[in-house]
Amino acid sequence: MTTHTTKNKLVVITGVTRGLGLAMVEGFLRAGFSVAGCGRSADRINQLQNEYPRPHDFAVVDIADESQVRRWAARVMDSRGAPDLLINNAALINRNAPLWQVSAEEFSLIVDVNLKGAAHVIRHFAPAMIARRSGVIVNFSSGWGRSTDAEVAPYCATKWAIEGLTQALAQELPADLAAVPLNPGIINTEMLQSCFGPENASAYPTAREWAERAVPFLLSLNRSHNGQSLTVP
Ligand SMILES: NC(=O)c1ccc[n+]([C@@H]2O[C@H](COP(=O)([O-])OP(=O)(O)OC[C@H]3O[C@@H](n4cnc5c(N)ncnc54)[C@H](OP(=O)(O)O)[C@@H]3O)[C@@H](O)[C@H]2O)c1
């Protein structure tokens with residue numbers, strides 16, 4: 001990302017109430033950026049806004065609901081302008097089960113959040129980034145966006161879709177913007193505990209340890225990375 005001063009740079013992140021999203025908020029704030037973040041858990045969003053007052057902005061938004069995303073994007077950009085870095089981080093994983101045992105309702109929810117939710121966020125933030133002619137869009141993928149395992153088929157399907165969606169988006173963006181599908185690696189969060197089990201998950205780094213590597217890496221992304229499937233080193 002090109003920088004003049006970090007102070008006026010805005011990072012927008014979905015899914016900031018726990019896990020990687022929360023660790024990125026803390027990392028970007030330490031690095032001197034302004035942050036706007038969302039999640040569904042109102043108590044955690046309120047805590048964040050109390051802890052990190054304006055100009056930082058934390059909002060209760062369900063990204064699966066386009067009208068909520070539309071209002072959120074308009075309000076954030078009204079006061080702060082277009083994001084310099086837009087991070088589609090929010091996602092859900094299905095409860096471990098073979099595909100034929102996943103209900104239609106659970107399957108739809110995973111698609112609505114992981115895939116359609118990310119598209120809603122892009123639909124409502126990207127036009128202002130394009131008009132300003134700068135910015136980087138990072139869509140969180142997964143190792144399971146490039147490989148598969150049993151019992152996580154709905155999640156794999158959405159993350160493979162995120163790879164394709166992001167690469168097509170990269171072909172559409174005008175010069176100076178970039179879109180990147182990013183595999184964060186394997187990190188001990190509630191999501192990992194759900195699919196690996198708490199004991200196996202505990203062998204992996206914490207979200208805070210991960211953010212120490214991830215935040216500088218995210219800040220290094222620019223047009224030259226457009227369309228590349230990347231992994232946090
Ligand atoms: N942890 C890993 O090892 C790993 C590996 C590969 C990829 N990833 C990817 O990294 C990203 C973060 O994962 P994580 O491990 O930090 O997961 P996590 O601990 O489960 O956190 C997910 C975050 O997304 C938010 N979220 C979920 N549904 C939402 C919705 N409809 N609207 C708004 N926010 C929503 C949650 O907040 P609320 O519940 O408050 O809404 C929460 O803040 C995901 O895209 C995941 O697929 C993680």
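Trainee: Where does Glu 151 lie in this predicted model?
Mentor: Start with the elements on either side of Glu 151. One is strand S5, residues 135-140, and the other is helix H5, residues 153-172. Glu 151 lies in the loop between S5 and H5.

Trainee: And what is phi of Glu 151 near?
Mentor: Most residues other than glycine have a negative phi. Glu 151 is a residue other than glycine with a positive value, and its phi is near 80 degrees.

Trainee: Which residues does the cis peptide bond join?
Mentor: Most peptide bonds are trans. For the cis one, look in the loop between helix H2 (42-51) and S3, where Pro 55 has its place. Omega is about 15 degrees there, and the bond joins Arg 54 and Pro 55.

Trainee: That loop leads me to S3. In the open sheet, which are the edge strands?
Mentor: Okay, follow the order: 7 strands run S3-S2-S1-S4-S5-S6-S7, with parallel pairing. An edge strand pairs on one side only. That fits strand S3 (57-60) and strand S7 (230-231).

Trainee: In S3, what is the bridge partner of Gly 37?
Mentor: Strand S2 covers residues 34-39, and 4 bridges join S2 to S3, the two running parallel. For Gly 37, the partner in S3 is Phe 58.

Trainee: Over to the ligand. Where does the ligand sit?
Mentor: Some contacts help here. A backbone N or O atom of Gly 15 lies 3.2 Å from an oxygen atom of the ligand, and a polar side-chain atom of Thr 17 lies 2.8 Å from a ligand oxygen atom. Ile 187 also brings a backbone N or O atom to 2.8 Å from an oxygen atom of the ligand. As for the site, the ligand sits in the largest pocket.

Trainee: How much of the ligand's accessible area does the protein cover?
Mentor: On its own, the ligand has 890 Å² of accessible area. Of that, the protein covers 97%.

Trainee: Which element gives the most to the shell around the ligand?
Mentor: Three elements give two or more residues each: helix H1 (19-30), helix H5 (153-172) and helix H6 (190-196). With 3 residues, the one that gives the most is H6.

Trainee: And how many charged residues does the shell have?
Mentor: There are 30 residues around the ligand, and those that come nearest are Arg 40, Ser 41, Asn 89, Tyr 155 and Thr 189. By class, the shell has 15 nonpolar and 10 polar residues, and the charged ones number 5.

Conventions. Residues numbered from 1 in each chain as written. Predicted model: local features only at pLDDT ≥ 70, side-chain atom pairs only at ≥ 80, totals over all residues. Heavy atoms only, no water. Near = heavy atom within 4 Å. Polar contact = N/O pair within 3.5 Å; in protein donor to acceptor, adjacent residues only side chain to side chain. Areas by Shrake-Rupley, 256 points an atom, 1.4 Å probe, with all protein chains shown as cover. 1 Å grid on protein atoms, 1.4 Å probe; cavity = no way out; pocket = protein on both sides within 12 Å on 5 of 7 lines; lining within 4 Å. Sits in = over half its atoms within 2 Å of the grid points. Helix = DSSP H or I, 4+ residues; strand = E, 2+ residues; numbered from the N terminus. Nonpolar A, V, L, I, M, F, W, Y, C, P; charged D, E, K, R; others polar. Pairing = 2+ DSSP bridges.
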